[in-house]
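I opened the model today to go through its strands, its chain contacts and its odd backbone spots. These are my notes, in the order I looked things up.

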Number of protein chains: 2
Amino acid sequence: MAYNLDMPLEQALRTQRALRRLKTDPVEEELLLHLLDLAIRAPSGSNAQGWEFVVVRERETMARLARLNRQAFSLFRLFKPLAKMTPTRQRMFESARWQADHFEEIPALIIPCLKQVIWPFPFLAATSAFGSIYPAVQNLLLGARAAGLGAALITIPLWNLGAVRRAVGLPWRVTPCCLIPLGWPLEEYTPNRRRPVREVVSFERYGRRL
Amino acid sequence: MAYNLDMPLEQALRTQRALRRLKTDPVEEELLLHLLDLAIRAPSGSNAQGWEFVVVRERETMARLARLNRQAFSLFRLFKPLAKMTPTRQRMFESARWQADHFEEIPALIIPCLKQVIWPFPFLAATSAFGSIYPAVQNLLLGARAAGLGAALITIPLWNLGAVRRAVGLPWRVTPCCLIPLGWPLEEYTPNRRRPVREVVSFERYGRRL
């Protein structure tokens, strides 16, 4: 195997986080394929593997997606003063702004799709569909982390689903679910921080904490 | 750290698969908490961490969920003769039947939830919501695999969302997204098999294969 992704699982999980500040250096095609091969190790409903991944590197397509991202981000900025800005949120905002400003220069962007129309009802259909793509997305993010590649999970450009479809020629029955910018990072992976696990775990009944 | 989850990432990804035949031996609470602590290392939209996990071990609750699962499974069996039964599908079906027949004896069942109502529209809202829980679900499955615990991602009992909510006392504004039976497996982890990656990857435009 050409790439060393043998980082211990626990270390990969505990240090995976969104790295949005990326160098413009290209990412090897073989590495992208290796990461996608790890992505599709994930489970999918009835093991149907109904996924499709579009890898975007061309500047023109990236510029179209950058515009979509920037439009939504401008709207978000209007509302920003309304939100409580903790230092953590402020850092995330700065990082998202950097990404919006440099979106055209992303070396590779992966768009995970489902080869189906996602019906919003019944709930079972919706959760089964999204549960058949996001596990693969998470595998991809973990593989990127182990490879030392910067990555992030974003959905904002999907505010205009039709425009994303047109940008990469997706038929109407193929649904783009999110976007993952990839590139060699200008930042470093550090341990991620979360609220204590016992605050989000109940036993037997909701709200019954340990 | 009490548990050895230091399996190389790539090995964990390549051998994770649904193991449904489980022993009845209990799973230590500390291990469950450790796996959930790995689950919440996953990303979530705006890092909001709006998740909640309910761990079910009581027999009475498990029996209620078992009934829900069996009801849906019976319906599924009616349609089974209509589907093309490859050997792989047949094995999956047998495994799902074993699970349905032994659901009451599952040692621990985890229900990952979102602390929100999931709006089906616009699409951006739906995909951002599910994209804030399934990465954590996949982390949990990978942690279980590294610990040697059998696990599977199921959604079928959610055909009756209200009944699942009542079984574990979820308020209406907390949405259960899937269920993960956990236990020491009667089977072994073996490499998962998937279609070749190049068949599901396009470059620049949909359908442009390498």
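Two strands pair if DSSP finds at least two bridges between them. I kept that in mind for the strand entries, and also that this is a predicted model.

**Strand β1 of chain A**

I started with β1(A) and asked which strand of its own chain it pairs with. β1(A) and β2(A) are joined by six bridges and run antiparallel. I picked out one position there: Phe53(A) sits opposite Pro112(A) of β2(A).

Next I looked for β1(A) partners in the other chain. β1(A) also runs parallel to β6 (residues 201–203) of chain B, with three bridges joining them. Here Val55(A) has Phe203(B) as its bridge partner.

Then I checked whether β1(A) is covered or not. It is mostly covered, as six of its six residues are buried. In a regular strand the side chains alternate between the two faces of the sheet. I sorted the residues by direction: Trp51(A), Phe53(A) and Val55(A) point one way, while Glu52(A), Val54(A) and Val56(A) point the other way. I noted that Glu52(A) is among the buried ones.

**The reverse strand pairing**

I looked at β6 of chain A as well. β6(A) pairs with β1(B) in the parallel sense, over three bridges. In that pairing I found Ser202(A) opposite Val54(B).

**Contact between the chains**

How many residues of each chain are in contact with the other? I get 70 residues of chain A touching 70 residues of chain B. On the chain A side, the elements that each supply at least two residues are α1 (9–15), α2 (29–39), β1 (51–56), α5, α6, α7 (161–168) and β6 (201–203). Of these, α6(A) gives the most, with seven residues. By class, I have the chain A side down as 44 nonpolar, 14 polar and twelve charged residues.

**α6 against α6**

With α6(A) giving the most, I looked at how it meets its counterpart. Helix α6 (residues 134–147) of chain A packs on helix α6 (residues 134–147) of chain B at about 70°, and their axes are 8 Å apart. Since 65 to 115 degrees counts as roughly perpendicular, α6(A) is therefore roughly perpendicular to α6(B). The crossing of α6(A) and α6(B) is right-handed.

I listed the residues that meet. From α6(A) they are Tyr134(A), Pro135(A), Val137(A), Gln138(A) and Asn139(A), and from α6(B) they are Tyr134(B), Pro135(B), Val137(B), Gln138(B) and Asn139(B). This helix contact has six nonpolar, four polar and no charged residues.

**Backbone oddities**

I checked for cis peptide bonds. One joins Phe121(A) to Pro122(A), with omega about -15°. Pro122(A) lies in the loop between β2 (108–114) and α5 (123–130) of chain A. In chain B, the peptide bond from Phe121(B) to Pro122(B) is cis too, with omega near -10°. Pro122(B) is in the loop between β2 (108–114) and α5 (123–130) of chain B.

I also looked for positive phi outside glycine. Ser46(B) has phi near 55°, and Asn47(B) has phi near 50°. Ser46(B) is in the loop between α2 (29–39) and β1 (51–56) of chain B, and Asn47(B) is in the loop between α2 and β1 of chain B.

Are these two buried or exposed? Ser46(B) has 14 other C-beta atoms within 10 Å, so I put it down as partly exposed. Asn47(B) has 16 within 10 Å, so it is partly exposed as well.

Technical notes. Residues are numbered from 1 along each chain as its sequence is written. Chains are lettered from A and ligands numbered from 1 in the order in which they are written. This is a predicted model: local features need pLDDT of at least 70, side-chain atom pairs count only at pLDDT 80 or more; totals for chains, interfaces and linings use all residues. Helices (H or I, at least four residues) and strands (E, at least two) are DSSP runs, numbered from the N terminus. A residue is buried if 20 or more other C-beta atoms lie within 10 Å of its own, exposed if 12 or fewer, and partly exposed in between; C-beta atoms are placed from the backbone. Axes are lines fitted to C-alpha atoms, for helices over the stretch in contact, and angles run from 0 to 180 degrees between N-to-C directions. Angles under 35 degrees count as roughly parallel, over 145 as roughly antiparallel, 65 to 115 as roughly perpendicular and the rest as oblique. A crossing is left-handed if the near helix is turned anticlockwise from the far one by less than a right angle, and right-handed if clockwise. Two residues are in contact if their C-beta atoms, placed from the backbone, lie within 7 Å. Ala, Val, Leu, Ile, Met, Phe, Trp, Tyr, Cys and Pro count as nonpolar, Asp, Glu, Lys and Arg as charged, and the others, Gly among them, as polar.
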